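Open the viewer and keep the selection tool at hand. We will walk through this structure stop by stop.

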Amino acid sequence: MPNQTIENIVTAIHYLEAHLTEKNDLDTVADALHYSKYHLHRMFTNTVGMTIHEYVLRRRLTEAAKLLVFSDKPVLDIALTAGYESQQAFTKIFTAMYKQPPSKYRENEKFYPLQLKFELEGSYHMLNSYGDPAWNITYAKDGDIPCWMELVRLVIDGFPYLDEKDYMQVLRRSIAERQALILKDGRTAIGILLFSRENGSIDFMGTHPLYKKKGIPKAFLDKVMHELLDGKEISITTYREGDRADTGHRMEIKDLGFAEAELLVEYGYPTQRFVLPKEEPHA
């Protein structure tokens, strides 16, 4: 991916964040940045993994959720601040994305983001390589935690109800138990995975959006299957079918060969378990 494309996306993100509560349709943003709207749409969607409309929607609702938990503002005021014309319209989309109405979310006093500001900082040397490199996937160390968390925040859209404080505890424990894998491009984490040797589950898998076409999830999966969890049934959970909050993670998991299993509720959020069948031993 050319550096100019990344710079253009950063410029677009800065504009969207500065005008988050204003009208931010494709035509408006393209005119403000002097881009072709067709080029902007293609460039933004391919890089960020969602349309400008989806990004703005998720960012507005995230900021609204923060106000619900950390302020005493009436729900109507929060709805208007988020760019909605009525409390009813706000409640409808908030409930679809957060799986509970704003009033219930406020009562629970537990903030989690749908979408954080998209940050693209660092150098991405491997983007200029041709084909799929021989990825050097290693066990994560404590010193990797800062870049690991940078990637977590970048792919937060794929992990509903993620609380950073709780997650950090799990991460440190997984690193100590050598159940955390990382792939880096220089100092930048471009792939991360938490797994359990005990039950064969993949508890977290994230790929840097700029590298999503480089085959990283498959490389992680191959390592887990053939080196770390050989002979075990591997499972992972993600969004249920039709979840409005899913930006494509369910399809990515299915494309890796996982099959649908039972429906679950995790931390109060409806999800579904997927299973990768055990490979038959070679004769």
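How many bridges join E5 to E7, and in which sense do the two strands run? Select both strands. Six bridges join E5 to E7, and the pair runs antiparallel. Keep in mind throughout that this is a predicted model.

**Stop 1: the sheet**

Stay with E5 and pick Thr237. Opposite Thr237, in E7, stands Arg273. Now colour E7 by burial. Seven of its eight residues are buried, so E7 is largely enclosed by the rest of the structure.

Widen the selection to the whole sheet. It is open and has seven strands, in the order E1-E2-E3-E4-E5-E7-E6, with mixed pairing. Which strands form the edges? They are E1 and E6, the latter covering residues 259–266, and each pairs on one side only.

**Stop 2: the E6 edge**

Select E6 together with E7. This pair is antiparallel and holds six bridges. Step through some of the partners. Glu260 is bridged to Phe274 in E7. Leu264 has Thr271 of E7 as its bridge partner. For Val265, the bridge partner in E7 is Pro270.

Pause on Val265, which belongs to strand E6. Is Val265 buried or exposed? Its relative accessibility is 57%, so Val265 counts as exposed. Show its contacts, skipping residues up to four places away in sequence. Val265 then touches Arg240, Pro270 and Thr271. For a sense of distance, add Leu229 to the selection. Val265 and Leu229 lie 36 residues apart in sequence, and their C-alpha atoms are 25 Å apart in space.

Next, move to the turn. The hairpin of E6 and E7 has two residues between the strands. Select Tyr267 in this hairpin: its phi is positive, near 55 degrees.

**Stop 3: strand E3**

Cross to E3, residues 188–195, and select Thr188, which is found in this strand. Thr188 has 12% relative accessibility, so it counts as buried. Which residues surround it, leaving aside neighbours within four places in sequence? Thr188 is in contact with Gly122, Ser123, Tyr124, Leu183 and His208.

**Stop 4: helices on the sheet**

Keep E3 in view and add helix H8, residues 145–154. H8 packs on the sheet and touches E2, E3 and E4. The direction of H8 makes about 85 degrees with that of E3.

Now add helix H9, residues 164–176. H9 lies across E2, E3 and E4, and runs at about 80 degrees to E3.

Then select helix H10, residues 216–228. H10 has 13 residues. From first C-alpha to last it reaches 17 Å, close to the 18 Å expected at 1.5 Å a residue. Which residues of H10 are buried? Select Ile216, Pro217, Ala219, Phe220, Leu221, Lys223, Val224, Met225 and Leu228. These buried residues pack against strands E1, E2, E3, E4, E5 and E7.

One rule helps when you look along a helix. An α-helix has 3.6 residues a turn, so residues three or four places apart point the same way.

**Stop 5: a helix crossing**

Go towards the start of the chain. Select H1, residues 3–18, and H3, residues 37–48. Their axes come within 10 Å and cross at roughly 95 degrees. That makes H1 roughly perpendicular to H3. Show the side chains where the two meet. From H1, pick Thr5, Asn8, Ile9, Ala12, Ile13 and Leu16. From H3, pick Leu40, Met43, Phe44, Thr47 and Val48. By class, this contact has eight nonpolar residues, three polar ones and no charged ones.

**Stop 6: two loops**

Finish with two residues in loops. Select His34, in the loop between H2 and H3. His34 is not a glycine, yet its phi is positive, about 60 degrees. With a relative accessible area of 73%, His34 is exposed.

Where is Lys99? Look in the loop between helix H6 (87–98) and helix H7 (102–108). Lys99 also has a positive phi, near 65 degrees, in a residue other than glycine. Its relative accessible area is 29%, so Lys99 is partly exposed.

Conventions: Residues are numbered from 1 along each chain as its sequence is written. This is a predicted model: local features need pLDDT of at least 70, side-chain atom pairs count only at pLDDT 80 or more; totals for chains, interfaces and linings use all residues. Side-chain values use heavy atoms; hydrogens and water are left out. Axes are lines fitted to C-alpha atoms, for helices over the stretch in contact, and angles run from 0 to 180 degrees between N-to-C directions. Helices (H or I, at least four residues) and strands (E, at least two) are DSSP runs, numbered from the N terminus. Angles under 35 degrees count as roughly parallel, over 145 as roughly antiparallel, 65 to 115 as roughly perpendicular and the rest as oblique. Contact means heavy atoms within 4.5 Å. Ala, Val, Leu, Ile, Met, Phe, Trp, Tyr, Cys and Pro count as nonpolar, Asp, Glu, Lys and Arg as charged, and the others, Gly among them, as polar. The expected span of a helix is 1.5 Å times one less than its number of residues. Buried means under 20% relative accessible area, exposed over 50%, partly exposed in between (1.4 Å probe, protein chains only). Two strands pair if DSSP finds at least two bridges between them.
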